[in-house]
Amino acid sequence: MLTPTEKIWHNGRFIRWQDATVHVLSHVVSYGSSVFEGIRCYSTAVGPAIFRLPEHVRRMLDSAKIYRMEIPYTAEQLGEAMLEVVRTNKMEACYVKPIAMRGYGDVGVNGAKNPIEVYIACWEWGKYLGEEALAQGVDVCVSSWNRMAPNTLPAMAKAGANYMNSQLIKMEAVANGYVEGIALDTAGYVSEGSGENIFVVRDGKIHTPPLGASVLPGITRDTILTLARDNGIPVIETLLPREMLYIADEVFFSGTAAEITPIRSIDRIVIGKGHRGPVTEQLQNEYFGVIAGSRPDRYGWLSPVYAAAAVK
Ligand code: PPE
């Protein structure tokens with residue numbers, strides 16, 4: 001369950017956690033008109049540091065642009081506000097969630113006249129797919145639900161409404177005894193999990209669906225593509241038929257919340273050796289190494305919360 005922190009940022013000022021409420025007739029409640037981000041702040045050698053802050057801010061502004069939402073703050077202001085939220089709540093490792101939504105005022109589908117409300121909250125969030133998941137791997141299924149068709153709900157936007165589709169995938173998976181579901185796109189190719197991108201390893205090469213397969217352009221996905229290239233592991237963004245999942249040597253999820261989570265079975269078919277594989281483990285070591293400081297932060301992925309010029 002969610003443990004409250006003290007303050008939430010709302011339109012440029014801090015309010016108490018319990019005061020961060022919206023009117024039931026706000027546009028977002030009926031029509032799902034929100035865009036948001038999920039960002040991890042890690043406890044590092046240089047104190048708490050937000051992982052890939054500028055990239056998350058950029059995606060949030062991209063999501064808003066796709067939906068014609070004008071956010072009245074610059075990328076710099078939003079990034080600084082996120083660092084401020086962590087500082088104000090005196091948090092170490094936490095999950096930061098900025099949300100922009102169409103608020104209360106006008107009625108009807110066209111939300112253009114409703115005010116844009118921006119909130120930023122943070123709280124402590126542990127392991128997304130269970131404590132054992134990172135080491136042991138998870139048991140998942142292919143969902144009977146597809147990811148959104150292109151030109152229906154834009155998959156590149158991290159919008160609240162997309163998570164109705166994610167809920168169908170996740171609830172069905174859990175109801176059938178799985179930890180997570182993998183959705184195919186409407187052409188039948190592998191797309192992504194309800195809240196994660198997916199990677200398939202076979203013969204030492206890493207494959208992941210392209211952006212055209214109705215996937216969110218994950219920041220962790222990009223992190224993995226970058227780390228793999230740096231480590232000389234070939235990476236291919238390509239359409240993946242469902243059966244590639246079953247015959248893979250390794251399959252893993254990536255996401256801010258899920259980090260890098262191995263998948264040990266899909267539809268009760270054992271993947272590879274049935275536990276975390278060597279490529280998955282190598283990428284985990286690279287990823288967590290940057291956070292722990294045992295690997296150089298070559299790309300400036302960490303924005304320290306307590307440094308003056310933290311936001312690039
Ligand atoms: N696909 C989807 C649908 C998705 O929701 C996420 C993030 C990703 C891919 C991975 O993107 P990124 O975090 O930038 O690597 N899902 C968030 C959790 C959703 C939730 O609120 O639950 C997350 O990982 O923070």
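**Exercise 1. Check the length of helix 3 (residues 75-88) against its expected span.**

Solution. Helices are DSSP runs of H or I with at least four residues, numbered from the N terminus. Helix 3 has 14 residues. The expected span is 1.5 Å times one less than the number of residues. That gives 20 Å, and the end C-alpha atoms are 20 Å apart, so the two agree.

A note on the source: this is a predicted model, where local features need pLDDT of at least 70, side-chain atom pairs count only at pLDDT 80 or more, and totals for chains, interfaces and linings use all residues. Residues are numbered from 1 along each chain as its sequence is written, and side-chain values use heavy atoms, without hydrogens and water.

**Exercise 2. Find which residues of helix 3 are buried, then look just past its end.**

Solution. Buried means under 20% relative accessible area (1.4 Å probe, protein chains only). In helix 3 these are L78, G79, A81, M82, L83, V85 and V86. Just after the helix comes K90, with a positive phi of about 50 degrees.

**Exercise 3. Describe the surroundings of the ligand.**

Solution. Start with the shell: residues with a heavy atom within 4 Å of the ligand. There are 20, and the closest are Y95, Y128, Y163, T220 and T256. Helix 6 (219-230) and strand 14 (250-255; strands are DSSP runs of E, at least two residues) each supply at least two shell residues.

Next, take polar contacts, pairs of N or O atoms within 3.5 Å. The side chain of Y95 has an N or O atom 2.5 Å from a ligand oxygen. For R59, a polar side-chain atom lies 2.8 Å from a ligand oxygen. A polar backbone atom of G195 is 3.1 Å from a ligand nitrogen.

Key
Buried means under 20% relative accessible area, exposed over 50%, partly exposed in between (1.4 Å probe, protein chains only). A polar contact is a pair of N or O atoms within 3.5 Å; within protein, one must be able to donate a hydrogen and the other to accept it, and residues adjacent in sequence count only if both atoms are side-chain atoms.
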